[in-house]
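Trainee: I've got a new model on the screen and would like to go through it with you. Shall we take it question by question?

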Amino acid sequence: MRKFYVGIAALSTAVMLSLSPAQAQGTIKIGLIMSYSGQFADLGTMMDTAVKLYVKEHGDTIAGKKIEFIRKDSGAAGSAPDVAKRLAQELIVRDKVDIIAGFSLTPDAFATADVLNESKKAAVIMNAATATITTRSPFFVRTSLPLPAAMGSLATWATKNGIKQAYTMVTDYGPGIDSETAFHGAFKAGGGTIVGSVRFPVVSPDFSAFVQRAKDSKSEAIFIFVPGGTQPAALGKALAEHGITPKTTKILSSGELTNDEPLKSMGDAAEGIISGWHYSWTHKSANNEKFVKGFKEMLGGRNPDQFSVSAYDGMHVIYEALKKTNGNTDGVAFIAATKGLTWESPRGPVSIDPETRDIVQTIYLRRVEKVNGMLQNVEFDKLEKVKDPVKVVMKAEGKLNPDGTVKQ
């Protein structure tokens, strides 16, 4: 019996030593899993710069504890869920992190859900945009975008403004399929007809053949979703080379296609592209003006994009939640502190839905125009307080638990 109690005491000591070194030293460790290399490296650059900017502006101490970052590269192999899962395990078991954040791509986020559930560690999704990610773990909170919110809004606007036919082109993975499904559903609901569709590979696609098929459809409009990184510029170039421009075909897209780099590739052929999105550096507000200025100073004059603002807001959620918990990083307490948070982001007013742990925000309709000789997105309409429509339906159908996870 004495050996039993000695064994229990030793185990308890080991657990305490393994779980709380950061707390004992007065630090909070945040593990960042992002694409720092490979074809999606630019996502990591934009997100990590925003993280650094937030810390520069708000300090590296919360509730008397120092913030420490441990960065892990998930991008070398492209989309590699097994790599992301291994990195999450390393961060929790070996590096003893308190919170995980980042997630450039959807497969990375999905792959870590079980790790979070087992460890009860909180994770802030700063980019991955498939709608159902947050339903996989009660320890996820998202500050980027559930894609159906934007793509459904864009399709609804299109049909209300006389567009009756569309051909869709999306990347063949979670966010692309989410975008396609949302666009198709809202477009058909508004009386539109989908005349054809195509999906292209996630990694290193040759867009030429896919663009030719879209052109051959002779559709009135083409809807496009493609992830960030190098692909939007490559797709934009292929569109221009095949003579597909807003002068001949209405081009509707997610925001990646009209970021600064793709616009440079397309040149004047991009004028008139319409996108439904949650952020552009051209958004008019004092808060955004300050954000853009600070970001450009940190990244050699580059403007921030949606990846940047989502990471910046992800840091805001981390800081505000830790203030509410007085530095307590327990996963349950941290997530509880994020629910219902409301703030003025550089993108506009946002909040965290307390039922789903997903972001609620304004979706802007933008048109590519020349302003002072430079192509940029110009906002001309908006839908406010947009929730993820997928989870709205799931909740109505009784498919969600009270904590926002999907019922098994």
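Mentor: Sure, and one definition before the surface comes up: accessible areas here come from the Shrake-Rupley method with a 1.4 Å probe. Keep in mind too that this is a predicted model.

Trainee: Then let's start there: what share of the exposed area do carbon and sulfur atoms supply?

Mentor: The protein exposes about 16400 Å² in total. Of the 408 residues, 57% count as buried. As for the exposed area, the part supplied by carbon and sulfur atoms is 54%.

Trainee: How does the radius of gyration sit with a compact globule, and what is its value?

Mentor: The C-alpha trace spans about 85 × 45 × 35 Å along the principal axes. For 408 residues, a compact globule would come out near 22 Å, and the protein agrees with that, because its own radius of gyration is 22 Å.

Trainee: What share of the contacts with a separation of 6 or more joins residues 24 or more positions apart?

Mentor: The secondary structure comes to 14 helices and 15 strands. Among contacts with a separation of 6 or more, the share from residues 24 or more positions apart is 68%.

Trainee: Which residues have pLDDT under 50 throughout?

Mentor: On average the pLDDT is 91, and 93% of the residues score at least 70. There is a stretch where the score stays under 50, and the model has 10 contacts beyond four places in sequence for it. Where pLDDT is low, the predicted coordinates should not be read in detail. The stretch in question is residues 1–24.

Trainee: Is threonine 171 buried or exposed?

Mentor: Threonine 171 lies in strand β7, residues 165–171. Its contacts beyond four places in sequence include Phe200, Pro201, Val202, Phe225, Val226 and Gln231. Relative accessibility is 0%, so threonine 171 counts as buried.

Trainee: Gln231 opens helix α9, residues 231–241. Which elements are among those covering the buried residues of α9?

Mentor: The buried residues of α9 are Gln231, Pro232, Ala233, Leu235, Gly236, Ala238 and Leu239. After α9 comes glycine 243, with a positive phi near 75°. The cover over those buried residues includes β7, β8, α8, β9 and α10.

Trainee: Serine 254 is in the loop between β10 and α10. How far apart in space are serine 254 and leucine 147, C-alpha to C-alpha?

Mentor: Serine 254 is buried, because its relative accessible area is 1%. Beyond four places in sequence, serine 254 has contacts including Met151, Phe223, Phe225, Ser275 and Trp277. Serine 254 and leucine 147 are 107 residues apart in sequence, and their C-alpha atoms are separated in space by 8.6 Å.

Trainee: Over to helix α11, residues 286–298, which holds phenylalanine 291. What distance separates the C-alpha atoms of phenylalanine 291 and alanine 50?

Mentor: With a relative accessible area of 1%, phenylalanine 291 is buried. Leu53, Tyr279, Pro304, Ser308, Val309, Tyr312 and Pro346 are in contact with phenylalanine 291, leaving aside neighbours within four places in sequence. Alanine 50 is 241 residues away along the chain, yet the C-alpha separation is 9.1 Å.

Trainee: Which residues does glycine 314 touch, not counting those up to four places away in sequence?

Mentor: Glycine 314 has its place in helix α12, residues 306–325. Its relative accessible area is 0%, so glycine 314 is buried. Arginine 142 is 172 residues away in sequence, but the C-alpha atoms of arginine 142 and glycine 314 are 7.6 Å apart. The residues touched by glycine 314 are Val124, Met126 and Thr143.

Trainee: Where is alanine 63 placed?

Mentor: Most residues other than glycine have a negative phi. Alanine 63 has a positive one, near 50°. With 40% relative accessibility, alanine 63 counts as partly exposed. Its place is the loop between β2 and β3.

Trainee: And what is the phi of lysine 120?

Mentor: Lysine 120 sits in the loop between α5 and β5. Its relative accessible area is 47%, so lysine 120 is partly exposed, the cut-off for exposed being over 50%. Though not a glycine, lysine 120 has a positive phi of about 60°.

Trainee: Last one: how far apart are the mean positions of the positive and negative charges?

Mentor: The protein has 48 positive and 42 negative charges. Their mean positions are separated by 3 Å.

Methods: Residues are numbered from 1 along each chain as its sequence is written. This is a predicted model: local features need pLDDT of at least 70, side-chain atom pairs count only at pLDDT 80 or more; totals for chains, interfaces and linings use all residues. Side-chain values use heavy atoms; hydrogens and water are left out. Helices (H or I, at least four residues) and strands (E, at least two) are DSSP runs, numbered from the N terminus. The radius of gyration is taken over C-alpha atoms; the globule rule is 2.2 Å times the number of residues to the power 0.38. Buried means under 20% relative accessible area, exposed over 50%, partly exposed in between (1.4 Å probe, protein chains only). Contact means heavy atoms within 4.5 Å. Lys and Arg count as positive and Asp and Glu as negative; His and the chain ends are not counted. The place of a charge is taken as NZ of Lys, CZ of Arg, CG of Asp or CD of Glu. pLDDT is the predictor's confidence in each residue, from 0 to 100.
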